[in-house]
Amino acid sequence: AETRVIQPNLSIRVHRNTSYDFLLRACSVERLGLGKPSNFNDEVVIPALMNLGVSLEDARDYGIIGCVELTSIGNTMSHGNYGHLSLPKCLELALNNGVSRYGKKTGQQVGLRTGDPRRFKSFEKVVSAYKAQVEYFLRHFIIAENFICDMAHRKLFPPVLLSTFVADCIKRGRSVLAGGAKYNFGCPQAVGLANVADSLAAIKKLVFEERAISMPQLIDALNRNFEGMEVLRQQLITRAPKFGNDDDYVDQIAAEVAEHFCRYAMQFKTLRQGGRISPGLYSVSSHIFLGGLSGATPDGRFAGTPLADGGVSPVQGRDAEGPTAVVKSCAKLDQTLASNGTLLNLRFTPSLLSDERGLRNLATLVRTYFDLGGLHIQFNVVSSDTLRDAQKHPERYRGLLVRVAGYSAYYTELSKDVQDDIIARTEHQYI
């Protein structure tokens, strides 16, 4: 609160016996708009780590790497950010028989041949094709990390000094990259969860239940990036439920999408001794880059535009029922499966948190989300008007800090696409 600097990146750990006064004090710093500290839930994090075989004692002694990556301290080589897999790109391929509709490989057969989507006769067929694409790319993702990245790092960059500080490396006579650590993980992240949930909900409701749109019409609209088909795009946006509004129709789809990614990833192992794959649900800023490689999606998103930010955050601007509805939607995901962490961003107007009542409401929101089963939550407290003015007059806002993903940064030093993405996030004006 006093120094207002970017680093270090600070977090708090919350559990059922955490002092309310402590939580209130942390929230009083968060409402300053620094994006710090972020909040983690012991009641979810500890079971998530134990799901990977970490002992109770070691799981209780956890810390945060970088953004939101979870690890037991001093005894782990987590490879905490393997990389990021675009779930909406997998859906794009499922809806184009494995052919890329947009990006560097437009028109190329890059995925599985899962069938002509125009002939899909059931919603279950769509889901099956999507899951097949996810499994295909996630499997190759892990193979590449194991047999290219891990092996290259082990041979070319053995971290001798680091290994002396990590438990069991000296005892085993191996570096952290050769399986010396007590625990060894590899951690792929899923990006664009909310886009896929909203897209599948739109397909289920408008194509197969209401039959307001046919599959050929939908595929044609996606191929054309909705050009000349704005009425259909608005149907997809306004007539189908959206994740983040406490609507079981779409929230249960999101839960299934998240669970499928996590459980499939957890079947694999690393090359390092006893290593497990530890999945995460967060994007850092890759949702902007990966969105630039992804075609139009059935949630009404245009080709090349950013995917949903965070990891479990709703699509920007689609959470219309307030922050309590957001946390209730996100809590329906089994976040104990995301053992490398999840990320939920919320943005509030500063006036909402300016008094004692607002502060207590913020603390209650954190407690409620964690009681429901949320793993992580963090806040931006800044108005859209301020952010837009900072774009026009950056010299006036050199000290403006914002929470981008798992990290805070000076707003005027960010690229315009990242600035625009923060502006696009819903500015909640009540709790």
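1. Asp58 is a buried residue in this predicted model, since its relative accessible area of 12% falls under the 20% cut-off for that class. Its side chain meets that of Lys182 in a salt bridge, with 2.8 Å from N to O. Asp58 belongs to helix α3 (residues 56-60), while Lys182 sits in the loop between α7 (169-172) and β7 (183-186), so the pair ties together parts that are 124 residues apart in sequence. Lys182, at 37% relative accessibility, counts as partly exposed, and the bridge therefore joins a buried acidic partner to a partly exposed basic one.

2. A salt bridge also links Glu210 and Arg239, whose closest N and O atoms are 2.8 Å apart. Both partners are found in loops: Glu210 lies between α8 (193-209) and α9 (215-223), and Arg239 between α10 (230-238) and α11 (248-265), so that parts 29 residues apart in sequence are tied together by the pair. Glu210 is partly exposed, with a relative accessible area of 36%, and Arg239 likewise counts as partly exposed, at 38% relative accessibility.

3. Arg425 and Asp421 form a further salt bridge, in which the closest N and O atoms are 3.4 Å apart. Here Arg425 counts as buried, at 7% relative accessibility, and Asp421 is buried too, with a relative accessible area of 3%. Elsewhere, salt bridges that share partners join Asp246, Asp248, Asp251, Lys328 and Lys332 into one network. For the structure as a whole, the count comes to 24 salt bridges. As a general point, side chains of opposite charge can pair when their charged atoms come close.

4. Arg425 deserves a second mention in connection with the cavities, of which a search of the whole structure finds three with a volume of 30 Å³ or more. The largest cavity has a volume of about 80 Å³, and 13 residues line it, with Asp309, Asp319, Asn345, Arg425 and Thr426 lying nearest its centre. The buried Arg425 that pairs with Asp421 is thus one of the residues nearest the centre of the largest cavity.

5. The lining of the largest cavity can also be described by origin and by class. Strand β10 (residues 345-348) supplies the largest share of this lining, namely three residues. By class, the lining consists of six polar, four charged and three nonpolar residues.

Terms used: Residues numbered from 1 in each chain as written. Predicted model: local features only at pLDDT ≥ 70, side-chain atom pairs only at ≥ 80, totals over all residues. Heavy atoms only, no water. 1 Å grid on protein atoms, 1.4 Å probe; cavity = no way out; pocket = protein on both sides within 12 Å on 5 of 7 lines; lining within 4 Å. Points joined across faces, edges and corners; volume = space filled by probe spheres on them. Helix = DSSP H or I, 4+ residues; strand = E, 2+ residues; numbered from the N terminus. Nonpolar A, V, L, I, M, F, W, Y, C, P; charged D, E, K, R; others polar. Salt bridge = Lys/Arg side-chain N within 4 Å of Asp/Glu carboxyl O. Buried < 20%, exposed > 50% of the residue type's maximum accessible area, 1.4 Å probe, protein only.
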